[in-house]
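Hi everyone, thanks for coming along. Please have the sequence and the model open while I talk, and stop me whenever you like.

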Amino acid sequence: MGAWNGSVNVTAETTDVHGGNRGVKVVGTGTNPWDVQLGSDAVETVVGNEYVLSMWIKGEEDGGVVRFSTSSEAGALYGADETIGTSWQQVTWTFAANDVATQVVLDLGASAVTYLIDDVELIPVAAEPAYMLSADTVLLNGDLELGTDNDFDNWGKWNNGDGIVQELTEVHSGARSAKVTNGSDFNAEYQSQLVSDETTLVVGTTYSASVWIKGTVDGEVRFSTNETTPQYGATAMVTADWSQVVWEFTATEEVTRLVFDLGKTPDAVYYVDDFELVAK
């Protein structure tokens, strides 16, 4: 970091430090926040991602006011005013980057107070972990990533083949999902179905079937099985946010296909991703 404004007010400090052998001593001017500034080199940031900027700071007297800000081609961002005491304290500010390159700034000129500053950090807020299918799922290609164009390996599109296509934007995980568009005359579950390849189960074992789904309307969907004596799950409601539909059933046959029935609601548009079938 370097002194951007008020460089004569910024000196090295080697006696009263928070960590290591050296900090910074800054004399505030009691004028504008930007009249005394420490600024970093530009660092790579991701637009929209959150970052935590922090520093350890103390004043030679109570009541000094400082703030964080940023500088980038997209425009400056400003943190709230922070009041500083005479003991070491950590001040933090969380912000969402607005550019691919950002300089972080300490605005220190607002109060006529001398500060000691050390250990300035910029840390990205941990992203939510990517969704991972269970290692125990017995379905193939449950995340629907495999396939060519509008086909999905290991999955059949029954009774609404033209209405089920790949989706590359509205995904729950990975690079693609399935977009399902129902016709205006649809009113039965079987009129639009995603169906797995045949899967071997253990008779008498309870299984949990699940899928993530969102829709443009409040629609009705359900799970079922395709076998000699089919089983049917309860109706689940779909909303505009990703939610998980779960159905537990006990296997009665050694070989079955898992079916996701989507045809009940006319004119519905659904996005479907991340099927799992796991023994309980």
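**A walk through two sheets and a pocket**

Let's start with L144, which is buried, with a relative accessible area of 0%. Before going further, please keep in mind that this is a predicted model. Where does L144 lie? You'll find L144 in the loop between β11 and β12. Its backbone is worth a look too: L144 has a positive phi of about 65°, although it is not a glycine. For background, most residues other than glycine have a negative phi.

There is another residue of this kind. D274 has a positive phi of about 60°, and D274 is not a glycine either. Which strand holds D274? That is strand β22. Is D274 buried or exposed? D274 counts as buried, because its relative accessibility is 0% and the cut-off for buried is under 20%.

Now back to the loop between β11 (114-124) and β12 (155-158), where D149 also has its place. D149 is exposed, with a relative accessible area of 53%; the cut-off for exposed is over 50%. Which residues does D149 touch, if we leave out those up to four places away in sequence? They are Q166 and R176. You can also find E167, which is 18 residues from D149 along the chain, with 9.6 Å between the two C-alpha atoms.

Q166 takes us to a sheet. Q166 stands opposite A178 in β14. Strand β13, residues 164-167, pairs with strand β14, residues 177-181, in the antiparallel sense, over four bridges. Along β14, K179 is the bridge partner of V165. Then β14 pairs with strand β22, residues 269-279, again antiparallel and over four bridges. Here the partner of V180 in β22 is Y270.

Put together, five strands make an open sheet in the order β13-β14-β22-β17-β20, with antiparallel pairing. Why is one side of β13 and of β20 left without a neighbour in the sheet? β13 and β20 (243-250) stand at the edges and have a single partner strand each, so one side of each stays free of a neighbour in the sheet. From one strand to the next, the twist of this sheet averages 35°. A handy thing to remember as you turn the model: in a regular strand the side chains alternate between the two faces of the sheet.

On to the other sheet I'd like to show you. Its five strands run in the order β2-β3-β11-β6-β9, and this open sheet is antiparallel in its pairing. At the edges are β2 (10-13) and β9 (89-96), each with a single partner strand, so one side of each has no neighbour in the sheet. The twist here averages 35° from one strand to the next. If you zoom in on strand β6, residues 50-59, you'll see eight bridges joining β6 to β9, and the two run antiparallel. One place to look is I57, which stands opposite Q89 in β9.

Last stop, the largest pocket. How much space lies in it? About 190 Å³. Its lining includes M1, R22, L38, L106 and D118. At least two lining residues each come from β1 (2-5), β3 (23-27) and β11. Which strand gives the most to the lining? That is β11, with four residues. By class, the lining has seven nonpolar, two polar and three charged residues.

That's my tour, and I'm happy to take questions.

Note on methods. Residues numbered from 1 in each chain as written. Predicted model: local features only at pLDDT ≥ 70, side-chain atom pairs only at ≥ 80, totals over all residues. Heavy atoms only, no water. Pairing = 2+ DSSP bridges. Buried < 20%, exposed > 50% of the residue type's maximum accessible area, 1.4 Å probe, protein only. Contact = heavy atoms within 4.5 Å. Axes fitted to C-alpha atoms, helices over the stretch in contact; angles between N-to-C directions. 1 Å grid on protein atoms, 1.4 Å probe; cavity = no way out; pocket = protein on both sides within 12 Å on 5 of 7 lines; lining within 4 Å. Points joined across faces, edges and corners; volume = space filled by probe spheres on them. Nonpolar A, V, L, I, M, F, W, Y, C, P; charged D, E, K, R; others polar.
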